[in-house]
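Reader: Before we begin, I would like to go through this structure slowly, asking at each step what a term rests on.

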Amino acid sequence: MINLIITVDYELPADGRGDVRRHILQPASDLLTVCNRHGARLTILAEVGEFMAMERDGNQGFRNALDYDPVALAKHQWIEAVRQGHDVQLHLHPQWIHAQWNGRHWDLDYAHYQLMDFDQNQAVEILRQAKGYLEESIAPATSRYECIGFRAGHWNTHPPDRYLAALLAAGLQSDTSVFKGGYANTSMVTFDYREAYSHYRAWRADRRDINRRSAGRGILEVPIAAVPATLWGMLSFKRVWSALSYLQEDRLNRQKIQERRNPAPNGVKTNRLKKWFQTVPKKLDFCKLTVREMRAITRRIIQDHAGDGEEPVPLVMIGHSKQAGAARALEKYIDLVKHEFAGAIRFGTYSEFIRTYEQFEVHSAHYTR
Ligand SMILES: [Zn+2]
């Protein structure tokens, strides 16, 4: 059986504009309703930096300008989700760590857009605080809760040796940022997942190289499922529509980041036409793909997996609360799984998968001894 882990990045648009009810609370509530209706499980990847910023003393103006308490409502939603059998794990966009509300909008700290823009001790402390924030918000109201998993903002895990060491030092056990084939080297984003061990299987990451499998007890990488495609082959009305809605956000971000950071290292410049036929990873994303595309990726991974041994296999799906229509798209995919892939895929949470994988490791060590 393949363990479908439906994750959603729970956050405001990246420049801090937007509305907590419209971009986070309501869509997350719709996703939970859909999952409850079908017996599926949702794993919320809560971007904790923004909620910590909203609670800081100097930023009280943000809360005072609203007729509701965004932090209280978010925490209530996390608790209810965990009580219903869903999961909440950690996501972080570091530009929120020193964010300030100026009375009209958020001034984000673009000098720290990547976690590793902080020095090592600071990065560990930030992760510890963020993990503690989730645990203090959720654990007292539920029987058993632990924050063990992390997804880096904008998938920025560079440099991997420092990144993995920071996760371990902060007490995190697992990461879900990698998607095989992913590569970026700009002022905004730096990662290189072209040599990742698998496009869907989990692995214990080598301490120096997040892409490599090791026999050690390092961070368990649970990658976002992705298959190679060409941009040409990825053209769909849905994708163009969603790309347009993100374009403005990205452009604003890039401007702000370039103002605040040193000039970017030069990325690989490619000929525009050639770019359309190069291979790029297509993530299993319920917000960006059509049902047909999601079916094709799922089928392909089920075929790849056939004949594999006892090792628990994840199928990590991604989506974003801020994207319109997310719940409807997810429901279509869940329907598909129930009707076409019922014998091959089961629903589960991120935490359940980590526990299952650890049990498997203990057992296989026992039998191979
Ligand atoms: Zn995010």
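Author: Let us start with a pair of helices, keeping in mind that this is a predicted model: α1 passes α4 in a left-handed crossing.

Reader: What makes the crossing of α1 and α4 left-handed?

Author: A crossing is left-handed if the near helix is turned anticlockwise from the far one by less than a right angle, and α1 and α4 are assigned to that hand. Their axes come within 11 Å and cross at roughly 15 degrees.

Reader: Why are α1 and α4 described as roughly parallel?

Author: Angles under 35 degrees count as roughly parallel, and the crossing angle of α1, residues 20-38, with α4 is roughly 15 degrees; the two helices are therefore roughly parallel to each other.

Reader: Which residues of α1 and α4 meet, and how do they divide by class?

Author: From α1 come V20, I24, L25, A28, S29 and L32, and from α4 come P70, L73, A74, Q77 and A81. By class, the residues of this contact are nine nonpolar, two polar and no charged.

Reader: Helix α2 also has a crossing with α4; why is that pair called oblique?

Author: The axes of α2, residues 48-55, and α4, residues 70-83, come within 9 Å and cross at roughly 140 degrees. Angles over 145 degrees count as roughly antiparallel and those of 65 to 115 degrees as roughly perpendicular, with the rest, apart from those under 35 degrees, counted as oblique; α2 and α4 are therefore oblique to each other. Their crossing is left-handed, and the contact is made by F51, M54 and E55 of α2 together with P70, V71 and A74 of α4. Five of these contact residues are nonpolar, none is polar and one is charged.

Reader: What makes α9 and α10 oblique, and what is the hand of their crossing?

Author: The axes of α9, residues 291-305, and α10, residues 326-340, come within 10 Å and cross at roughly 40 degrees. Since the limit for roughly parallel is under 35 degrees, the pair falls outside that class, and α9 and α10 are therefore oblique to each other. Their crossing is right-handed, with V291, M294 and R295 of α9 meeting K332, Y333 and L336 of α10. That contact has four nonpolar, no polar and two charged residues.

Reader: Turning to α6, how do you know that its buried residues line one face of the helix?

Author: In α6, which spans residues 160-169, the buried residues are P160, Y163, L164, A166 and L167. Seen down the axis of α6, these buried residues fall within an arc of 160 degrees, so they line one face of the helix. As a general point, an α-helix has 3.6 residues a turn, so residues three or four places apart point the same way.

Reader: Which elements do the buried residues of α6 pack against?

Author: They pack against α5 (120-138), β6 (149-152) and β7 (174-175). Just after α6, G171 takes a positive phi of about 90 degrees.

Reader: What joins H158 and P159, and where does P159 lie?

Author: A cis peptide bond joins H158 and P159, with omega about -10 degrees, and P159 is placed in the loop between β6 and α6. In general, most residues other than glycine have a negative phi, and most peptide bonds are trans. That loop between β6 and α6 also holds H154 and W155. Phi is positive in both, although neither is glycine: near 55 degrees for H154 and near 60 degrees for W155.

Reader: Why is H154 called partly exposed?

Author: A residue is buried if 20 or more other C-beta atoms lie within 10 Å of its own, and exposed if 12 or fewer do. H154 has 19 such neighbours, so H154 counts as partly exposed. W155, with 19 other C-beta atoms within 10 Å, is partly exposed as well.

Reader: How far is W155 from A184 in sequence and in space, and why is A184 called partly exposed?

Author: The two are 29 residues apart in sequence and 9.5 Å apart in space, C-alpha to C-alpha. A184 lies in strand β8, residues 183-185, and has 15 C-beta neighbours inside 10 Å, so A184 counts as partly exposed.

Note on methods: Residues numbered from 1 in each chain as written. Predicted model: local features only at pLDDT ≥ 70, side-chain atom pairs only at ≥ 80, totals over all residues. Helix = DSSP H or I, 4+ residues; strand = E, 2+ residues; numbered from the N terminus. Arc of directions from axis to C-beta. Contact = placed C-beta atoms within 7 Å. Axes fitted to C-alpha atoms, helices over the stretch in contact; angles between N-to-C directions. Nonpolar A, V, L, I, M, F, W, Y, C, P; charged D, E, K, R; others polar.
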